[in-house]
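This briefing concerns the internal cavities of a protein model and the packing of selected elements around them. The sequence and structure follow.

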Amino acid sequence: MSSKPAVYAAIDIGASSGRVILGRMGADGPSLEVVHRFPNGVQENDGALRWNVAALFEEVLHGLTLAGERAKAAGEQVVSIGVDTWAVDYGLVHDDGELTSQPHSYRDSRTADVTEKVHATVPFEQLYETTGLQFLPFNTVYQLAAEPSLANVQALLIPDLLGLWLTGERRTEVTNASTTGLLDASTGNFATHLFDALEIPRQIFPTLIEPGQALGSLLPSIAERIGLDAATRIVAVGSHDTASAVAAVPAGEANFAYISSGTWSLVGVELPEPILTAASRAANFTNERGVDGTIRYLRNCGGLWLLQECLREWGPSVTLENVLAEAAALPPGGPQIDADSDDFIAPDTMPDRIRAAAGSTLESPAAVVRCIMDSLAQVYARTLAQAADLSGQPIDVVHIVGGGSQNRLLCQLTADVTGLPVVAGPVEATALGNVLVQARADGALGEGATLADIRAAVRSTAQTQSYEPSRHVEAALTNS
């Protein structure tokens, strides 16, 4: 065996940016090296909001080229590659793998008039009994219903589309498939009766694949272009970025909750089985698949998209660091908004929309930001209280991972409002989950390694920050 650490490439793309990262498994645990960052965002094209996935793929290839060069310079070899992105969106492809058009973004309004038509055919109560998926107007099932035609095409979710272009192989990774509204939450297979009822071709999605299974090896033409061995494997990971992030929550205790905090906030607990009750449906909780067949029982809540859009509107004169410090200095008890409202899904004019919803002038950027932070903390507390009540699982600690774990104001407010300790970090949870699923598939975590072993590896190197409730508040979260 070589004394050099194993090297894995993680492609991690979110709604606003993407990275290609080298992950190494050393004696002390995993380490990450970002070799390429690139922007992402929706673009208006043909009167719709779309993703330029061809441009994203070019960035991915450039990043993999750099990753191979970096590994080679260190005397290492990239063992495998894993891909994770946001959920629900897809590209329609012909038999030759070419797109019919640029994929729509979930922020596009094309499903506005479709959801009622879908529910007229299959009532939402029936959808939920099968899929356990919370209602969101952009769920894949509604997007497919908005397509003018699904004849002679296949739908590949964004990470699966990138996998096709890398390997020539078509599969549908199961954690992302669970966000489509067409996967049976109890069996983990596609619910064919829903396809039939909604007149969606049964073969619209390729065969399912689980995290840790190999998708295939690089196409020779791709391998030659990026300078990697053609035998380099593409390994399925939790291709829904939240699934990878939750896999890397550094929890050592059983009764933990998580908040994957980024553009959206994914707030919930991890369970062995889905909860498909009427009460769960009424609370709009979702049952998404996690690594190793776990259930991510959560709500998709408002997130730092509100802050990101405000900063974009304000321009470079308002910096994140300064405005958060100014917001933290403001007294508590200011105006709040419903950070979950659909009114905040679309881009543009975010500060004005927040002021209008708050019923207050909120004259300074700091006041707007404090409103956002207070509102998000309240959403988190309310959602965690519901998760504990609906699942019967008590919560002893809240883990915040992702970009929001760096937001000290948000983390402290979350501890204050929930009355629970908060452990923040790692920031790069998604990439760590991606890399560690690859490493486990390669045998680097030992024979029979479990999800608990993945989390132990994260704890061995992750940088975290703990927050205790700093003042007496009436906790919104109870463990009854």
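A cavity is here a set of grid points where a 1.4 Å probe fits but cannot get out, and its lining residues have an atom within 4 Å of a point. The model is predicted. By this rule, two cavities of 30 Å³ or more are counted. The points below treat each cavity in turn, then a helix and a loop residue.

**Largest cavity**
- The volume of the largest cavity is about 140 Å³.
- Its lining consists of 16 residues, and those nearest the centre are P159, D160, E173, L215 and A236.
- Two or more lining residues come from each of β6 (78-84), α5 (158-167) and β12 (233-235).
- Helix α5 gives the most to this lining, with three residues.
- By class, the lining of the largest cavity holds eight nonpolar, three polar and five charged residues.

**Second largest cavity**
- The second largest cavity encloses about 50 Å³ of space.
- Its lining is formed by F124, L127, T131, L133, Q134, N139, V141, Y142 and G181.
- At least two lining residues are supplied by each of α3 and α4, and α3 gives the most, with three.
- The lining of the second largest cavity comprises five nonpolar and four polar residues, with no charged residues.

**Helix α3**
- In helix α3 (residues 124-131), the buried residues are F124, L127, Y128, T130 and T131.
- These buried residues lie on the same side of α3, because they cover an arc of only 165° around the axis.
- An α-helix has 3.6 residues a turn, so residues three or four places apart point the same way.
- The packing partners of the buried α3 residues are α2 (115-121), α4 (140-145), α7 (192-197), α10 (278-282) and β15 (286-289).
- F124, L127 and T131 are among the buried residues of α3, and these three also appear in the lining of the second largest cavity.
- Just after α3, G132 adopts a positive phi of about 65°.

**Loop residue T85**
- T85 is located in the loop between β6 and β7 (90-93).
- T85 counts as buried because its relative accessibility is 0%, where the cut-off for buried is under 20%.
- Leaving aside residues up to four places away in sequence, T85 touches I13, I158, P159, L162, S239, H240 and D241.
- P159, one of the contacts of T85, is also among the residues nearest the centre of the largest cavity.

Definitions and conventions: Residues are numbered from 1 along each chain as its sequence is written. This is a predicted model: local features need pLDDT of at least 70, side-chain atom pairs count only at pLDDT 80 or more; totals for chains, interfaces and linings use all residues. Side-chain values use heavy atoms; hydrogens and water are left out. Buried means under 20% relative accessible area, exposed over 50%, partly exposed in between (1.4 Å probe, protein chains only). Helices (H or I, at least four residues) and strands (E, at least two) are DSSP runs, numbered from the N terminus. The arc is that of the directions from the helix axis to the C-beta atoms. Contact means heavy atoms within 4.5 Å. On a 1 Å grid over the protein atoms alone, a cavity is a set of points where a 1.4 Å probe fits but cannot get out, and a pocket is an open set with protein on both sides within 12 Å along at least five of seven lines; lining residues have an atom within 4 Å of a point. Grid points are joined across faces, edges and corners, and a volume is the space filled by probe spheres set on the points. Ala, Val, Leu, Ile, Met, Phe, Trp, Tyr, Cys and Pro count as nonpolar, Asp, Glu, Lys and Arg as charged, and the others, Gly among them, as polar.
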